[in-house]
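Here are a few short exercises on rings, charges and cysteines. Have your viewer ready and try each task before you read its solution.

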Amino acid sequence: MKKFKRYLVTSALPYANGPVHIGHLAGVYIPSDIYTRYLRLRGEDVISVCGSDEHGVPITIKARQEGVSPQDIVDKYHGIIKESFRRLGMSFDIYSRTTSPMHHKTASDFFRKLYDDGKFIEQTSQQYYDEEAGQFLADRYIVGTCPHCQNERAYGDQCEKCGSTLNATDLIGPKSVITGSTPVLRETKHWFLPLDRYEEFLRKWILDGHKEWKSNVYGQCKSWLDLGLQPRAVSRDLDWGIPVPVEGADGKVLYVWFDAPIGYISATKELTPDWEKYWKDEDTKMVHFIGKDNIVFHCIVFPSMLRAHGGYILPENVPANEFLNLEGDKISTSRNWAVWLHEYLEEFPGKEDVLRYVLCANAPETKDNDFTWKDFQARNNNELVAVLGNFVNRALVLTQKYYGGAVPPAGELTAYDRETVAEIPVIKKSLEENIENYRFREALKDAMNLARLGNKYLADSEPWKLVKTDPERVKTILNVALQITANIAVAIEPFMPFTAEKVLKLLQIGKPGWDELGSTALLEAGHVIGTPELLFEKIEDSVIEAQLEKLAATKQANLAAEMGKEVTPQKEVVSFDDFGKMDIRVVTIKEAEKIAKTKKLLKLTIDTGIDTRTIVSGIAEYYTPEELVGRQVLVLVNLEPRELKGVLSQGMILMGQDATGKLVLLSPTDKVGSGTIVG
C-alpha cells in the first residue's frame, strides 16, 4: 500500500437553502471528522475543507418562497450551518462558500481553460421557456406527471416518489413552478462536457484500479458506465450563479454541478498559498466524503473535469454512505421531517458527543438505517453512561477515595494484569484498520471496547474488597485502571472530542499522540488527578417524549396543510369513450415478495377474476409482503405490460398519497368477488 506524504479530506458542500439535519451528519460530516481527527492524532499532514454550496435552483426557489434575494438566503443559512458545525466540534480547517470572490475566479478560470483547450462541445437544444415569466426554466422549475409512476408532482430532473431520473421533456403535462402556465420549447445554446470521451479512462481508473471502494460506490459507478456516458451540460439559463466567462453567454451561468466541486479547490486556495501540493502532487491522498446521491458527481463527473483540465490528482477513495431515515420515515426538508442540528444543540446543551456517538454507531454505511429517539436514549443510558462513563468515574473516584487523587505506583503485575493490558494494542490495531478502511461503526466499537475492558478488569479485581486485606495489590489495580482511562481519552477523540478533552482534564494531563495509544505509562506514579465528575447523564423518558411529540406535531401540521392547500387542478377533459377504455377491477393479492436488490419494489401475484398474473409495485417502503396477502385492491388491468427488474408487470395498482408522502392502498369497503369492475 502506498505511503502518502499528506492528506486532503473534502466533505460534500451542503446546500445553503436550509439548515443541516442528522441525515447530513450521519452520511457525510461525522465520518469525515472522525477520519480527519484520526490523521491529525497520527501527526499526518492533513487539511479538511468544506463550505456552503450557494448556487443552483434550490436557492432561487427558496428565495422566491420567502420573498427575498438569493443572497439573503445564502447569507442566512451559511451562517446557521457554519455555527452549527462549529458547536458540534467539526474540525474543518476552512469552511468557505461558493459566493466568495476566490471561488468565482477559480471556477471561471477552470471553465475558461477547458473552453480554450477545446474540451467542451456546443449544442443547441430545446428547453422549456415560461412566456409569462420571460425566462428559460431550470429542471426544478418544471413539474408534471412522472411517466413511470404517475406521480403528479415530479420535477424536470427527478421523480422523488419512484426515484427515476428524468428529462424535463419526459414529463406529462409540464407546468412552470413560477407562473403555473404551460411552458413552450425554445432553442438555447449551451456548453457540454462530453463524458463519453472519458469513459475508457474511467473504466480503467475505477473498475480496474479501485476495486477496494465500497460496494455501493463501485456498483453505482459500474452501472453508469455500463449504460454508457453522455455529454452533460455545464451551463444553465439562470440569473443566479457564476456567469459563463465567454462572449455571447449573457444570461447564462455555470451549472451548479460543475461549479460546486471546484469549491474544494477554491477553499484550499483560501486556506493556504501552498494549495497546489494538496491538489497536484501524487504524494497527496485525496478522500471525498459524500452521501450516495453525490456518487456520480464525485466519481465520474468531477474526475472527468480534473482529467480534462490536467495537472490535478484524482481521489483515492470516495466512501459514500447511504441514507438515514427518521422514525421509520424518509427525512424530508420540505415536510420538516428531520432533526435539525441547530435545534438539537439548543435543546440538548452539552450533549454534542451523544449525538456524534449515536449517529456513528448507527451510521448508514452499507444500507439505509433508521434514527429513533428511543434508540438515542438507550445508547446514551446503556452505553455512554453505563459503560464508558461508569468505568472512568469508578477509576477516578476510587483513586480519589484511597489515595487523595494521586496515581498509585504499580507493583508486580499478575498474569491477569498482563493479559488485560495486552488487549490494548490489539484493540488499537483493530481500531486503526477499521478507520483506515472507513468502517467507522466498527472503529467506534473498538474504542468502546477499551471501556468494556476496564469495567471487566475492575469487576474481576474488586479493589473495593481488597483495599483492607491487600492494599499493595489495590495500588496496582488502580494504576492499570487509570492507564486504561488515559488510553480511552486517545481512542475516543476522533469520535467524541468533547468527552476526550474532559477525560484529559480530569486526569490533568496533556493530549497524547496516537503513537502513545497502547502505552501503560501515560500517567506517572504520584501524579495528581482532578476532582471526579460524571462524563454523561441519563436521559429521562420525558425528554424523549417531548421530541416524539414534536415530530407528531410536525406530522399533524403536514396533514393540516395538505387538507387546507389548494386542490390540484382538474386535468384536461376526456371523453366517456376514453374513460371506457380503462379496465379497473377489484383484485385479490395471492402472493407478495420483495424483488432482490431493490428497496421499493414488490412482486405481487394477483387474482383478477380473469386470470392470475404478476404486478410490480413500488410500495415496499409502506407495506410488508405479509400484510398484503389476501388484501383486495384496485388495479388498472389493461395497462400495457412493462418489464421491471426482469419481471413482467401486467397492470398498475391504484393508490393515494397522504400529506406525509405515504402511499395508501385503495380497497373496497366490503369484500367482493375478484374481477369486480370499477366504473
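## Exercise 1: a pair of tyrosines

Tyr35 is buried, with a relative accessible area of 2%. Keep in mind that the model is a predicted one.

**Task.** Classify the geometry of the ring pair Tyr35 and Tyr438, and locate both residues along the chain.

**Solution.**
1. A pair of aromatic rings is described by the distance of the centres and the angle of the planes.
2. The ring centres of Tyr35 and Tyr438 are 5.3 Å apart, and pairing requires centres within 6.5 Å.
3. Their planes meet at 45°, so this pair is tilted; stacked would need an angle under 30 degrees and edge-to-face one over 60.
4. Tyr35 belongs to helix α1 (residues 22–41), while Tyr438 sits in the loop between α14 (415–436) and α15 (440–461). With their positions 403 residues apart, the pair links distant parts of the chain.
5. Tyr438 is buried too, at 7% relative accessibility.

## Exercise 2: a pair of phenylalanines

**Task.** Do the same for Phe110 and Phe258, then find the cluster that holds them.

**Solution.**
1. The centres of these two rings, Phe110 and Phe258, lie 6.1 Å apart, and the planes are at 75°, so the pair is edge-to-face.
2. Phe110 is in helix α4 (residues 101–116) and Phe258 in helix α7 (residues 256–259), 148 residues apart, which again joins distant parts of the chain.
3. Phe110 has a relative accessibility of 2% and counts as buried; Phe258 is buried at 0%.
4. Ring pairs join both residues into a cluster whose members include Phe111, Tyr115, Trp191, Trp257 and Tyr312.
5. To put this in context, the structure holds 35 aromatic pairs.

## Exercise 3: charges over rings

**Task.** Which arginines lie over the faces of Tyr129 and Phe201?

**Solution.**
1. Over the face of Tyr129 you will find Arg186, at 3.9 Å from the ring centre.
2. Over the face of Phe201 lies Arg307, at 4.2 Å from the ring centre.

## Exercise 4: cysteines

**Task.** How many disulfides does the structure hold? Check Cys221 as an example.

**Solution.**
1. A disulfide is a covalent bond between the sulfur atoms of two cysteines.
2. The cysteine sulfur nearest to Cys221 is that of Cys299, 3.9 Å away, whereas a disulfide needs sulfurs within 2.5 Å.
3. Cys221 is therefore in no disulfide, and the structure as a whole holds zero.
4. Cys221 is buried, with a relative accessible area of 1%; Cys146 is buried as well, at 0%.

Definitions and conventions. Residues numbered from 1 in each chain as written. Predicted model: local features only at pLDDT ≥ 70, side-chain atom pairs only at ≥ 80, totals over all residues. Heavy atoms only, no water. Phe/Tyr/Trp six-rings, centres within 6.5 Å; stacked < 30°, edge-to-face > 60°. Helix = DSSP H or I, 4+ residues; strand = E, 2+ residues; numbered from the N terminus. Buried < 20%, exposed > 50% of the residue type's maximum accessible area, 1.4 Å probe, protein only. Lys NZ or Arg CZ within 6 Å of the ring centre and 35° of its normal.
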